[in-house]
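Biologist: I am new to this structure and would love a close look at a single part, the place where the ligand sits. Could you walk me through what surrounds the ligand?

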Amino acid sequence: MSFSVAVIGAGTIGRSFAWLFARSGHSVRVLDTRGDLAEVVTSLQADVSADAAAHNMLASELGSISLADTVESAVADAAFVQESGPEDPQAKPQLFAQIAAAAPADAILATSSSTIPASLIARHLTTDAAARVIVGHPFNPPHLMPLVEVVPAPATSPDTVERALDFYRSCGREPVALNREVRGFVGNRLQNALMKEAISLVESGVISAPDLDAVMKNSLGLRWSAVGQFEAMHLGGGDAGIRGFMDHIGSSFAQIGELPLDLSDAGMAEVFAQVERAYGEKPSEAGAEARDRAQRAVLESRGQESTHSED
Ligand SMILES: NC(=O)c1ccc[n+]([C@@H]2O[C@H](COP(=O)([O-])OP(=O)(O)OC[C@H]3O[C@@H](n4cnc5c(N)ncnc54)[C@H](O)[C@@H]3O)[C@@H](O)[C@H]2O)c1
């Protein structure tokens with residue numbers, strides 16, 4: 001089924017979502033305050049068409065991307081709105097008040113926000129509009145990463161959650177709904193725990209930054225591309241599964257104490273220096289391409305669609 005979708009904000013995330021939605025057959029209206037929006041839209045449309053041709057898709061399977069110049073015209077016919085404007089807790093509620101006033105009365109109003117909960121974004125809205133506001137938090141780039149965290153506020157209706165899940169699935173994503181709002185949602189909380197541990201190991205002189213990366217890539221990263229935390233524990237605990245894992249290893253893991261952590265510039269100086277020495281002062285395009293190639297190969301090996309020629 002093809003939907004009318006509004007993408008509000010065409011930065012890193014909005015452009016990637018616009019591409020994904022159009023490539024998935026939806027008709028997309030894009031709004032941004034940037035001066036080069038027309039060029040952005042033309043180039044996205046060309047990318048979508050080229051990718052579809054490369055995958056031998058029929059023209060009828062493709063959606064379209066067009067430009068809108070006001071919030072009202074962007075959302076007027078939208079069944080689904082994906083807001084990806086700046087991460088500003090003052091601006092998002094105002095933008096959503098404008099979106100809710102102009103969108104159809106049954107449109108789903110989603111935000112890509114990484115940190116601002118739907119309850120805060122919907123706080124100026126009527127109960128009916130607030131029931132349709134939800135976080136649809138992607139991992140970057142959303143056209144490649146299958147996960148979208150769907151995070152309802154207490155006021156969000158169950159129907160909104162179901163419709164948001166269905167919509168993201170229609171775009172080939174693998175959305176997961178959280179039961180309730182929590183700061184950082186789930187993906188970034190997990191990432192944050194690992195980031196802090198990695199920094200403290202390097203700051204404490206236990207290992208160098210590139211060697212820590214090698215440890216991750218060649219052990220946990222590889223495992224986690226196949227199974228998640230709990231499935232890994234269950235498979236790794238012998239006949240007793242996760243219970244065996246906790247019996248044999250889990251309790252001694254739990255006794256591992258924390259190392260000191262200093263996130264100030266001074267504390268991080270050695271980490272910064274090691275990372276820049278290993279990977280160059282600026283992140284390299286070649287590095288990003290190698291990352292995307294490897295991620296695409298993993299997706300393909302898992303039978304998950306990996307589209308897009310450019311990331
Ligand atoms: N970058 C990431 O890795 C990432 C990952 C997940 C979620 N997010 C979330 O996605 C959202 C967008 O992040 P981003 O990295 O794409 O930011 P970005 O700065 O690249 O893009 C924001 C875009 O919004 C536009 N904009 C500003 N005011 C606007 C307005 N009033 N109406 C319409 N457009 C407006 C800007 O011109 C810009 O193009 C944020 O909420 C962020 O938390 C980002």
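Modeller: Let us start with Gly11, where a polar backbone atom is 3.4 Å from an oxygen atom of the ligand. The backbone of Ile13 also takes part: one of its polar atoms is 2.8 Å from a ligand oxygen atom. From Ser114 comes a side-chain partner, with a polar atom 2.9 Å from an oxygen atom of the ligand. A polar contact here is a pair of N or O atoms within 3.5 Å; within protein, one must be able to donate a hydrogen and the other to accept it, and residues adjacent in sequence count only if both atoms are side-chain atoms.

Taken alone, the ligand exposes 830 Å², and the protein buries 71% of that. Accessible areas like this one come from the Shrake-Rupley method with a 1.4 Å probe; for residues, only the protein chains shown count as cover. Helix H1 (12-23) and strand S6 (133-138) are the elements that give two or more residues to the shell around the ligand. Helices (H or I, at least four residues) and strands (E, at least two) are DSSP runs, numbered from the N terminus.

Please keep in mind that this is a predicted model, in which local features need pLDDT of at least 70, side-chain atom pairs count only at pLDDT 80 or more, and totals for chains, interfaces and linings use all residues. Residues are numbered from 1 along each chain as its sequence is written, and side-chain values use heavy atoms, with hydrogens and water left out.

Now for the whole shell. There are 20 residues around the ligand, and Ile13, Asp32, Glu87, Lys92 and Ser114 come nearest; a residue is near a molecule or strand if one of its heavy atoms lies within 4 Å of it. By type, the shell holds 5 nonpolar, 11 polar and 4 charged residues. In this sorting, Ala, Val, Leu, Ile, Met, Phe, Trp, Tyr, Cys and Pro count as nonpolar, Asp, Glu, Lys and Arg as charged, and the others, Gly among them, as polar.

Asp32 also helps line the second largest pocket. Its fellow lining residues include Ile8, Gly9, Leu31, Thr33 and Leu95. A pocket is an open set of points on a 1 Å grid over the protein atoms alone, where a 1.4 Å probe fits, with protein on both sides within 12 Å along at least five of seven lines; lining residues have an atom within 4 Å of a point. The lining of this second largest pocket divides into 5 nonpolar, 4 polar and 2 charged residues.
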